[in-house]
Amino acid sequence: MAKKIKLGTILPADTFFYTIPFDPPGQRVTREMLAQHFPEPKGRRAHMGIHTEYKAFKSGLISVEVKAPDDSKNMLFLHVGITELDVACTCGMPEGKLCYHGYMGLYSIAWQHYLELDRFYWPGISADDSLRNKFLITDIHKDWISVKPKPLYGNIFKSAIGFKGDQHLSIKEAASIANVVSGGKEAIAYCLAYNVGNQSNSHLPVLMSCLGITSKRDKEVVSFKQFGRRDKPITNIAYTPNQQQLNDISFQQYEIVKRINSSSGEGKKHEMVEAKQAMLTLWEQVIPLLLKEKYNYRYYTYWLKYLKYKPRKTDMRDCKYSLERPVLSFLLKFHQDHFSLTAIVLVNGNALKFDYKPHLFVFDDITGLCYLMATVQDDNLLMWMLSNNRRLTVMKEHFIEFHDTFLAKLNTCYMVSFTDPISKKTVPYSFELVTDQIIKQDDYGN
Ligand SMILES: [Zn+2]
C-alpha cells in the first residue's frame with residue numbers, strides 16, 4: 001500500500017521506513033511483536049534508562065525523541081497505516097532493518113506493554129496539515145499525543161474502519177409496533193424516573209408510583225411523600241384497576257433497572273442493551289394507561305438509589321405523554337470538502353427540539369410533550385449520534401466507501417434526505433444524484 005506521507009517536507013524523499021505489520025483487527029504494536037523485529041537486548045538492565053518524548057504530529061508523521069541506554073539520541077518518525085506501522089530513524093537504519101533506537105523507542109512508548117495507534121490514523125486528513133488543523137484537535141504532550149475530531153465535526157468516517165462506535169449498532173428494518181392495553185382511572189402520581197448521559201449512574205427510564213398530597217382543587221400534586229415499590233408499597237390507597245396495572249408494570253421495570261444497576265462497567269452496558277427491548281415493550285403498555293391518570297410527572301434521578309428516599313419536589317416536572325411515535329430520519333449535506341450527516345426526529349413531519357435525551361424517550365422543548373421512541377434500534381442510533389455532537393463527518397474522497405458501507409444500509413431502513421447544492425432544495429437521497437453533482441465534478445480519483 002502506498003504511504004500517504006509527504007516526504008520531502010520534513011524528511012528527505014528517499015528516507016527508509018521499516019514496516020511492522022499489525023495483527024488485525026486494530027492498529028496495535030505490542031512488546032512481543034517488537035521482539036520479532038529486533039534481537040531482544042539481554043540482561044536485567046537492558047531496557048532501563050530509555051527516555052522518550054513525543055514531539056510532533058505533522059504531515060501524517062509522529063515524531064518521538066529517543067535517548068537510549070547507550071546514550072545515543074535520535075528522532076523516530078512513525079507513520080500509521082491501516083495494516084502497518086512504518087518507522088524511520090535519524091540514524092537512517094543503514095542495514096535496512098529496525099535499528100536499536102527504533103526498537104528501544106517503541107518499547108518505551110508501548111506503555112503497559114502495548115501501543116494503540118488508531119488515534120493517529122486519519123486517512124485523507126492527517127497527511128495534509130491544513131486539513132488536519134481544520135478537522136482535528138491535536139494535543140501534544142511529552143508523554144502522549146491526543147488527536148480527535150473538533151466537536152463541530154462530531155464523528156469522522158475513517159476509510160476501511162468506518163465510524164467510531166458503529167460496530168455496536170445494528171441497522172435493520174423495523175418490525176411493526178405492537179399495539180396496547182387499556183383500563184380505568186384515579187389519584188396517585190406517576191413519575192417517569194430517568195437520567196441522561198453515559199456515565200456509571202445512567203439507567204433505563206423506570207415508572208414509579210408516588211404518594212402525594214394534591215392542591216386545593218386537586219389540580220396538581222404539591223408535595224410528594226414516598227415512592228411505591230414492591231418491597232415498600234404505598235398502603236391505605238384504593239387503587240383503580242388502571243393503577244393496579246401501572247403498579248404491576250412499575251415493579252417489573254424497577255426490578256430490571258435494579259438488576260442492571262448491581263453490575264458495573266462493560267457488564268452493565270451489556271445488560272442495559274439486552275434489557276432495553278423488554279423495557280420498551282413495558283413502556284408501550286404503560287403510556288395508554290398513564291393517559292388516563294391525572295397526575296403525571298417526570299423525575300430526574302441522579303442515582304437510581306435515590307428512588308429509595310423521599311421524592312424531591314425540585315426534580316419533579318410536569319409530563320404530558322403523546323401516543324405518537326417519533327420517526328427517525330437523516331439529512332446529508334455537502335460542505336466544500338466534506339459531507340455531514342445529522343439525525344432528525346420527526347412527529348407528523350415536524351422536527352422535535354431537544355438538547356439531551358434519556359434512553360427510550362424524547363422530551364420535545366417546543367410542545368413539552370414526551371414521546372416514546374419507536375424502536376430500540378432507533379433509540380440506539382439516535383443516542384450514538386447525540387454522543388457524537390449529533391453529527392457524522394465524511395471526507396469527500398471517502399464518500400463512495402461511506403455510501404457502500406453505511407449510508408446505503410441506512411437509506412433502505414430510514415428516510416435520508418440530501419440538500420441539493422445547486423437547487424438548494426432538500427430531496428430524497430440518491431447515490432447517483434450525489435455522485436453526478438459532486439463526486440464526478442472534479443476528476444475524482446486522479
Ligand atoms: Zn536509529
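**Loops, cores and a small sheet in the predicted model**

With 16 C-beta neighbours inside 10 Å, Asn-389 ends up counted as partly exposed, since buried status takes 20 or more and exposed status 12 or fewer. This is a predicted model, and in it Asn-389 sits in the loop that links helix H6 (376-387) to strand E22 (391-395). Its phi is near 55 degrees, a positive value in a residue other than glycine.

Leu-360 also has a positive phi, near 70 degrees, again in a residue other than glycine. Its setting is the loop between strand E19 (350-351) and E20. Leu-360 has 21 C-beta neighbours inside 10 Å and therefore counts as buried.

Leu-360 turns up again in the largest nonpolar core, which has 67 residues. The members that touch the most others there are Ala-189, Cys-191, Leu-192, Ala-193, Met-208, Leu-360 and Phe-361. Strand E11 (residues 189-194) is the top contributor to this core, giving six residues. As for Ala-193, leaving aside residues up to four places away in sequence, its contacts are Pro-205, Val-206, Met-208, Tyr-299, Thr-301 and Leu-307. A second core, separate from this one, holds 24 residues, among them Phe-77, Leu-78, Val-87 and Leu-115.

Residues 78-110 carry the label "domain: SWIM-type" in UniProt, in an unreviewed entry. Over that stretch the chain is 30% helix and 27% strand, and the C-alpha atoms at its two ends lie 13 Å apart.

Next comes the sheet that includes E20. Three strands make up this open sheet, in the order E16-E21-E20, with mixed pairing. Strand E16 (320-321) and strand E20 (361-363) take the edges with a single partner strand each, so one side of each has no neighbour in the sheet. E16 and strand E21 (residues 369-372) run parallel and are joined by two bridges. Tyr-321 has Cys-370 as its bridge partner in E21.

Two prolines round out the picture. The peptide bond from Pro-24 to Pro-25 is cis, with omega near 0 degrees, and Pro-25 lies in the loop between strand E1 (18-21) and strand E2 (28-30). Pro-151, for its part, is placed in the loop between strand E9 (144-149) and strand E10 (155-156). Pro-151 has 10 C-beta neighbours inside 10 Å, so it counts as exposed. From C-alpha to C-alpha, Pro-151 is 9.1 Å from Ile-137, and the two are 14 residues apart in sequence.

Key: Residues are numbered from 1 along each chain as its sequence is written. This is a predicted model: local features need pLDDT of at least 70, side-chain atom pairs count only at pLDDT 80 or more; totals for chains, interfaces and linings use all residues. Two strands pair if DSSP finds at least two bridges between them. Helices (H or I, at least four residues) and strands (E, at least two) are DSSP runs, numbered from the N terminus. UniProt positions are given in the numbering used here, feature names are shortened, and annotations may be inferred rather than shown by experiment. A nonpolar core is a set of buried Ala, Val, Leu, Ile, Met, Phe, Trp, Tyr and Cys residues joined through C-beta atoms within 7 Å. Two residues are in contact if their C-beta atoms, placed from the backbone, lie within 7 Å.
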